[in-house]
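Dear colleague,

I am passing on the structure we talked about, together with some notes on what came out of it. Please look through the coordinates first and then read on.

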Amino acid sequence: MGAGGTYHGRVSDPRKRVLLAKPRGYCAGVDRAVQTVEEALKLYGAPVYVRKQIVHNKHVVSTLEARGAIFVEENEEVPEGSTVVFSAHGVAPEVHEQAKARNLKAIDATCPLVTKVHHEAKRFAKDDYDILLIGHEGHEEVIGTSGEAPAHIQLVDGPDSVDSVVVRDPSKVVWLSQTTLSVDETMETVARLKTRLPLLQSPPSDDICYATSNRQHVVKEIAPECDVVIVVGSANSSNSVRLVEVALNAGARAGHLVDYASEIQDEWLEGATTVGVSSGASVPEDLVMEVLGHLATRGFGEVTEYTTTEERLTFSLPQELRRDMKAAEAAKA
């Protein structure tokens, strides 16, 4: 077992327990993106427009809406001259150009780990490589990365898409990936690609982000002991959905994704003695605490936190926001 701790809820059934995964919840990129919107609202006042969901979490979006953030799908919905924040998932270059054309004050909250993949795509495209981007079709991150080099990038949506891949030169091909994928499925996809393209190159460093890998690893560790694993996260959150898949593949008897504790169905817990709990990288910790409270009222009051690693990475706020915050402080002095 990893480091242990107990959540003191109501009287627990001695046969029932919760294994609480750590790391879980907010990653550095999500924390930075949410803070960006919060600080922008403080600095510029409401409304602040946000293109797409700042992160894929229903609760976070509704909380920011209540504070004055307005979420839109495209720049065209933002009044000219207004402030717009680009989401953590990244945007294609044309989105930046559209913002300039509308005289928008753009603050780019793209996760630095996604930006790293964008830089890789540009670099390999410049060297005329075919780029195989492993990811989910239609996901905002995939759209943003593809937009960096559309003539060079083709999407590979999982192992079953490998057979349709066509490249110009098998000696000049590289794979990159969406940052929030299943590590195991991605490696399976790469292995299949390499049977067809033995000279396939890998990215200079791992594209799947540390937080995604860490959350999957700890869920994989606890899943074999769990009758059911509950993952707190939204259905459009790729990394949250992957956690449920990882739990089931690693031996959990059942797995469920919930936004809120109120969505947990009592029949999921019937006959269960061990419940695993984790949360996606865009989920605030208070939602996890509500789930633990809910489970405690049903006899699962003994909570052991299973820790596989400690995360200490932080990212500074976008430079355009930091510059304005500094100017505002100087003006007060």
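What share of the 333 residues of the protein chain counts as buried? The answer is 53%, and I should add at once that this is a predicted model, so that the values below are computed from predicted coordinates.

On the overall form, the radius of gyration of the protein chain is 21 Å, which agrees with the value near 20 Å that a compact globule of 333 residues would have. Taken along the principal axes, the box filled by the C-alpha atoms is roughly 60 × 60 × 30 Å. The secondary structure of the protein chain consists of 11 helices and 12 strands. If one takes the contacts between residues at least 6 apart in sequence, 77% of them join residues that are at least 24 apart.

Turning to the surface and the charges, the accessible surface of the protein chain amounts to about 14800 Å², and carbon and sulfur atoms account for 49% of it. The protein chain carries 34 positive and 49 negative side chains, with the centres of these two sets lying 5 Å apart.

Some details of the backbone may deserve your attention when you prepare the model, beginning with two cis peptide bonds. One of them joins Lys 22 and Pro 23, with an omega of about 10 degrees, and Pro 23 sits in the loop that runs between strand S1 (17-22) and helix H1 (28-44). The other leads from Ala 46 to Pro 47, with omega near 0 degrees, and here Pro 47 belongs to the loop between H1 and strand S2 (48-51).

There are also residues with a positive phi to mention. Asn 103, although it is not a glycine, has a positive phi of about 55 degrees, and its place is the loop between helix H3 (93-101) and strand S5 (105-108). Asn 103 counts as exposed because its relative accessible area is 56%, where the cut-off for exposed is over 50%. Asp 128, likewise not a glycine, has a positive phi of about 65 degrees, and Asp 128 is found in the loop between helix H4 (112-126) and strand S6 (130-134). With a relative accessible area of 38%, Asp 128 is partly exposed.

With best regards

Terms used. Residues numbered from 1 in each chain as written. Predicted model: local features only at pLDDT ≥ 70, side-chain atom pairs only at ≥ 80, totals over all residues. Heavy atoms only, no water. Helix = DSSP H or I, 4+ residues; strand = E, 2+ residues; numbered from the N terminus. Rg over C-alpha atoms; globule rule 2.2 N^0.38 Å. Buried < 20%, exposed > 50% of the residue type's maximum accessible area, 1.4 Å probe, protein only. Contact = heavy atoms within 4.5 Å. Areas by Shrake-Rupley, 256 points an atom, 1.4 Å probe, with all protein chains shown as cover. Lys, Arg positive; Asp, Glu negative; His and termini not counted. Charge placed at Lys NZ, Arg CZ, Asp CG, Glu CD.
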